[in-house]
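User: I would like to learn how to read charged side chains and sheet pairing in a model such as this one. Could you take me through a few cases?

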Amino acid sequence: QVELWCEGSRLAEDTGEIQMVAKGISGIPVFQISRYAARALNQGIECSVTLDLCPLRKLDQVRTRLKDRRAYTQERRGAAVLLGMFPDKLCSLLLERAGIPLKKQGGDWTDEDCERLAAQIKGLHFTISRCRGYEQAQICTGGVPLTELDHTTMESRRVPGLYLTGELIDVDGACGGYNLQWAWSSGKAAADGVRRYIKERCR
């Protein structure tokens, strides 16, 4: 689960598969909340994300799971103690954030170690420095407000004879093909509007 926080308020959240890449985080849930982050960052508002890596388990359940693993991974060290729960690199990050040395054997983990690690698993926090930019964007946010258009023809109310479609308009939908559908639907409406406009002018 991904939660977006801006100036102490939770602005958006989504759940699904997360990709951790070289320059940050990605995946459908990140795409879903990124529009809010991009707009906030553009306004100079500080933003952060919190990842719950086990959203279907409560904190005490995660804590119990870690204590169980501690019991049967006595001589394993570092990421090997969490083998099968998370990828190696993520395990190392979690241990580092929890203040557990990578050389420390699982059997030597204290209850406090398990408490801190469980807190990281349920609330891994990152500060957002920037979005990746136009070249990497899936869609664009912003544009001409819908209130300035005739919804049936996509004609501008300010500039007669000007028709707008797709991402020129302030419409950005959720992932799942909605933005493509908007492009096609608004394009069809605009084409019909242009055809009627030409017929009326050519009479």
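Analyst: Let us begin with one acidic residue: Asp-52 is buried, since its relative accessible area is 12%. Bear in mind throughout that this is a predicted model.

User: Which residue forms a salt bridge with Asp-52, and which parts does the pair tie together?

Analyst: The general idea is that side chains of opposite charge can pair when their charged atoms come close. Here the partner of Asp-52 is Lys-122, with the closest N and O atoms 2.8 Å apart. Lys-122 belongs to helix 4 (residues 111-122), whereas Asp-52 sits in the loop between strand 5 and helix 2 (59-72), so the pair ties together parts that are 70 residues apart in sequence.

User: How many salt bridges are there in total, and which residues are linked in a network?

Analyst: The count comes to 13 salt bridges. A network of them links Arg-35, Arg-39, Asp-170 and Asp-172. Within this group, the side chains of Arg-35 and Asp-172 meet at 3.2 Å, N to O. Arg-35 lies in helix 1 (residues 28-42) and Asp-172 in the loop between strand 6 and helix 5, so this salt bridge ties together parts that are 137 residues apart in sequence. Arg-35 is buried at 16% relative accessible area, and Asp-172 is buried at 15%.

User: How far apart in helix 5 are Lys-188 and Asp-192, and is each of them buried or exposed?

Analyst: They are four residues apart, which means a separation of about one helical turn. Their closest N and O atoms are 2.7 Å apart, forming a salt bridge. Lys-188 is exposed, with a relative accessible area of 51%, while Asp-192 counts as buried at 16%.

User: What is the nearest side chain of opposite charge to Glu-155?

Analyst: That side chain is Arg-196, which is 7.9 Å away, and Glu-155 is buried yet has no salt bridge. A polar atom of the Glu-155 side chain does, however, lie 2.7 Å from the backbone nitrogen of Gly-161. Beyond its neighbours within four places in sequence, Glu-155 is in contact with several residues, including Tyr-163 and Tyr-197.

User: In what order do the strands form the open sheet?

Analyst: In general, strands of a sheet pair through backbone hydrogen bonds, either parallel or antiparallel. In this case four strands form an open sheet in the order 2-1-5-6, with antiparallel pairing. Strand 2 (9-14) and strand 6 are the edge strands, each pairing on one side only, and the twist averages 25° from one strand to the next. Strand 1 (residues 2-6) pairs with strand 5 (residues 47-51) over five bridges, and Trp-5 stands opposite Ser-48 in strand 5.

Technical notes
Residues numbered from 1 in each chain as written. Predicted model: local features only at pLDDT ≥ 70, side-chain atom pairs only at ≥ 80, totals over all residues. Heavy atoms only, no water. Buried < 20%, exposed > 50% of the residue type's maximum accessible area, 1.4 Å probe, protein only. Lys, Arg positive; Asp, Glu negative; His and termini not counted. Salt bridge = Lys/Arg side-chain N within 4 Å of Asp/Glu carboxyl O. Polar contact = N/O pair within 3.5 Å; in protein donor to acceptor, adjacent residues only side chain to side chain. Contact = heavy atoms within 4.5 Å. Pairing = 2+ DSSP bridges. Helix = DSSP H or I, 4+ residues; strand = E, 2+ residues; numbered from the N terminus. Axes fitted to C-alpha atoms, helices over the stretch in contact; angles between N-to-C directions.
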